[in-house]
Amino acid sequence: MAERRLLILYGSQTGTAEDTAERIGREAKRRHFQCRVEALDSYDVANLINELLVVFVCATTGQGDPPDNMKMFWRFLFRKNLPPSSLCQMDYAVLGLGDSSYPKFNFVAKKLHKRVLQLGGNPLLPVALGDDQHDLGPDAVIDPWLLALWDKILALYPLPPGLEIISPDVRLPPKYTLHYLSEDSMHPDGDLLQPTAARAVPSELHPFAARMVSNQRVTAESHFQDVRLIEFDTVGSGITFSAGDVVMIQPQNCPEDVQQFCQLLRLDPDRSFLLKPTEPGTALPALLPQPCTIRHLVTHYLDISCVPRRSFFELLSYFSTNELEREKLQEFSSAQGQEELYSYCNRPRRTTLEALWDFPHTTSAIPPEYLLDLIPRIRPRAFSIASSLLAHPDRIQILVAVVRYKTRLSKPRRGLCSTWLASLNPEQGDVRVPLWVKKGGMKFPADPDTPVIMIGPGTGVAPFRAAIQERVAQGWKGSCLFFGCRQKSKDFYCQAEWEELVTKGFLTLFTAFSRDQAQRCVSLQEEKVYVQHRIQENRRLVWELLTSRSAHVYLAGNAKQMPAAVAEALQSVLQLEGGLSPSEAEKYLTALEQTQRFQSETWS
């Protein structure tokens, strides 16, 4: 009988694809498959030719790019020299997770499905296209697709004689077992994030503990939004970067939340433990020290402030000793209960910690070894670097908007990383932040004679500050910046710096202050001025730079309406100044994108 082995490979940026891959792994275990769940870049891709049954789960990021943890796999898979029959022994299925409000919806999943097919793979099902925009989220597609997938797989690999599918009522064992150590057998937590000795370039597995040098608010105290310009000292780290690159920061939970969590679960934060994998071959979590304290686990690893997913409630229901709580948890983890779960969790952005408060009987009964199955790890956050090494050697600066907003819950919602960073005060002692740098999506021209048009409303201006500093340090002119914010007196970041560069002839600056206009006008909506209006007003210059001087155009900022409005403004420049038809203007812009002369980095 054929060996019943299933490999599940995922490419995940925010954790949704990883969570879905783990869910498929649990369903495979209930069907008695030997199953491995791995990130695509952790898997040795040379073994792919020997795999008989593979499920790929992959997200699509930003502009149709693969997630960070599948980039090496992606490059390998599209090598020209791979024989067309490389994967002819493989049965496979691809599940995509995307957002249909982006133009390249599920681009990575579609392309992956097609490429594996080209290499001889046998698709079990058409590619599944999960959509964040659906009322019930990606599960609306995933649930029926998985039912069909298991029908196909069990037809090829029937259950061994005498075995039945393990009932959903039976709790699966945890991924790791937790062994408490006797008192005093662990160093205090303080040793866990000291400046690392010089080693290879810092990375996610070996971040650099950078000293925070300054943490300065750059919006007026009266402004609703708190934005910080934060500087780190990276001396001795070996970190290098250029304009357009991003710094990854590993945040941590605040002490009050950690204390609450430990009280709710009746955990002693100072107890030390060792983790052991339940099944041989399962790797230990790379980012947890061994041995480790409960306090370190909860502070640095468990994402207790994230909005819990359906899988959280499913696992939680197994621990419930209270009938009312168990029924509600089962409803939240059922296909029929997804609308209810969305209203309870996603719409008000309820955190994992708050959800645990609502199920006190169940929470106090959670076995500690299930914590790593129940709660995902804290993911690093990416920030555009807002400074140049040529202007600020051994320093990294970032522009951080502190995330804080209201939902129907009484307590304001807060961004984990931005709130933590804003709370740190380098004037009160040695403050360290774990970070590393990675290549960004934007590349600036190396030719000093190529002008650059940069469109950066709000904190979108961060990568352009780095680019302008880099160009000025080399004596290059030809930088043109369109900056937009609400009010000149409240959130005009780096105003003095820009004005000095304008005076010295290094920068052409156009500003749009949307609320300053509105306050002087009766009719609010029509009169708000944004960066796209300034582009249209200065269309002769934009056209001239694009056509006569081969300028490069860059766009960064919030992904809501702004990118589409800017693209429309650029098309109108091409039509009004260049006499192009609407379709020619669209083609022109697409050609600029394809030749990397129009690059954008947007975030939601």
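The exercises below, each with a worked solution, concern a predicted model.

**Exercise 1. Domains and annotation**

Task: State which domains the protein is divided into, and describe the span that UniProt annotates as "domain: FAD-binding FR-type".

Solution:
- The division gives domain 1 (5-156), domain 2 (208-251 + 380-438), domain 3 (255-374) and domain 4 (452-602).
- Domain 2 is written as two segments, 208-251 and 380-438.
- Between the C-alpha centres of domain 1 and domain 2 there are 34 Å.
- The UniProt record, an unreviewed entry, puts the feature "domain: FAD-binding FR-type" at residues 205-445.
- Helix makes up 29% of that span and strand 21%, and its end C-alpha atoms are 32 Å apart.

**Exercise 2. The surroundings of Ser387**

Task: Locate Ser387, decide whether Ser387 is buried or exposed, and find what its side chain reaches.

Solution:
- Strand S13 (381-384) and strand S14 (395-401) are joined by a loop, and Ser387 sits in that loop.
- The relative accessibility of Ser387 is 1%. The cut-off for buried is under 20%, so Ser387 counts as buried.
- From the side chain of Ser387 to the backbone nitrogen of Gln397 the distance is 3.0 Å.
- Leaving out residues up to four places away in sequence, the contacts of Ser387 include Phe241, His392, Arg395 and Ile396. Gln397, Arg465, Ala466 and Gln469 are also touched by Ser387.

**Exercise 3. Nonpolar cores**

Task: Identify the residues of the largest nonpolar core that touch the most other members, and the helix that gives the largest share of this core.

Solution:
- The largest nonpolar core has 39 residues, and those touching the most other members are Phe261, Leu297, Leu302, Phe313 and Leu371.
- Helix H7 (residues 310-319) supplies the largest share of this core, with five residues.
- A separate second core holds 29 residues, among them Val218, Leu229, Leu399 and Ile468.
- For Phe313, contacts beyond four places in sequence include Leu329, Phe332, Leu341, Tyr344 and Phe359.
- As background, nonpolar side chains tend to be buried together in soluble globular proteins.

**Exercise 4. Leu374 and Phe107**

Task: Determine whether Leu374 is buried or exposed, and do likewise for Phe107.

Solution:
- Leu374 belongs to helix H12 (residues 371-374). Its relative accessibility is 4%, so Leu374 is classed as buried.
- Beyond its neighbours within four places in sequence, Leu374 contacts Phe312, Leu315, Leu316 and Ile366.
- Leu374 and Trp150 are separated by 224 residues in sequence and by 24 Å from C-alpha to C-alpha.
- Phe107 is part of helix H3 (residues 107-118). With a relative accessible area of 33%, Phe107 is partly exposed.
- Thr60 and Gly64 are touched by Phe107, with residues up to four places away in sequence not counted.
- Phe107 and Val431 are 324 residues apart in sequence, with 41 Å between their C-alpha atoms.

**Exercise 5. Helix H21**

Task: Check the span of helix H21 (residues 562-578) against its expected value, then state what covers its buried residues.

Solution:
- H21 has 17 residues, so at 1.5 Å a residue the expected span is 24 Å.
- The end C-alpha atoms of H21 are 23 Å apart, which agrees with that expectation.
- The buried residues of H21 include Met562, Val566, Leu570, Val573 and Leu574.
- Elements covering the buried residues of H21 include strand S18 (452-455), helix H19 (531-537), helix H20 (539-548) and strand S21 (552-558). Helix H22 (582-594) and strand S22 (598-603) also contribute to this cover.
- After H21 comes Gly579, with a positive phi near 70°.

Methods:
Residues are numbered from 1 along each chain as its sequence is written. This is a predicted model: local features need pLDDT of at least 70, side-chain atom pairs count only at pLDDT 80 or more; totals for chains, interfaces and linings use all residues. Side-chain values use heavy atoms; hydrogens and water are left out. Helices (H or I, at least four residues) and strands (E, at least two) are DSSP runs, numbered from the N terminus. Buried means under 20% relative accessible area, exposed over 50%, partly exposed in between (1.4 Å probe, protein chains only). A polar contact is a pair of N or O atoms within 3.5 Å; within protein, one must be able to donate a hydrogen and the other to accept it, and residues adjacent in sequence count only if both atoms are side-chain atoms. Contact means heavy atoms within 4.5 Å. Domain bounds come from an automatic or database domain assignment. A nonpolar core is a set of buried Ala, Val, Leu, Ile, Met, Phe, Trp, Tyr and Cys residues joined through side-chain atoms within 4.5 Å. The expected span of a helix is 1.5 Å times one less than its number of residues. UniProt positions are given in the numbering used here, feature names are shortened, and annotations may be inferred rather than shown by experiment.
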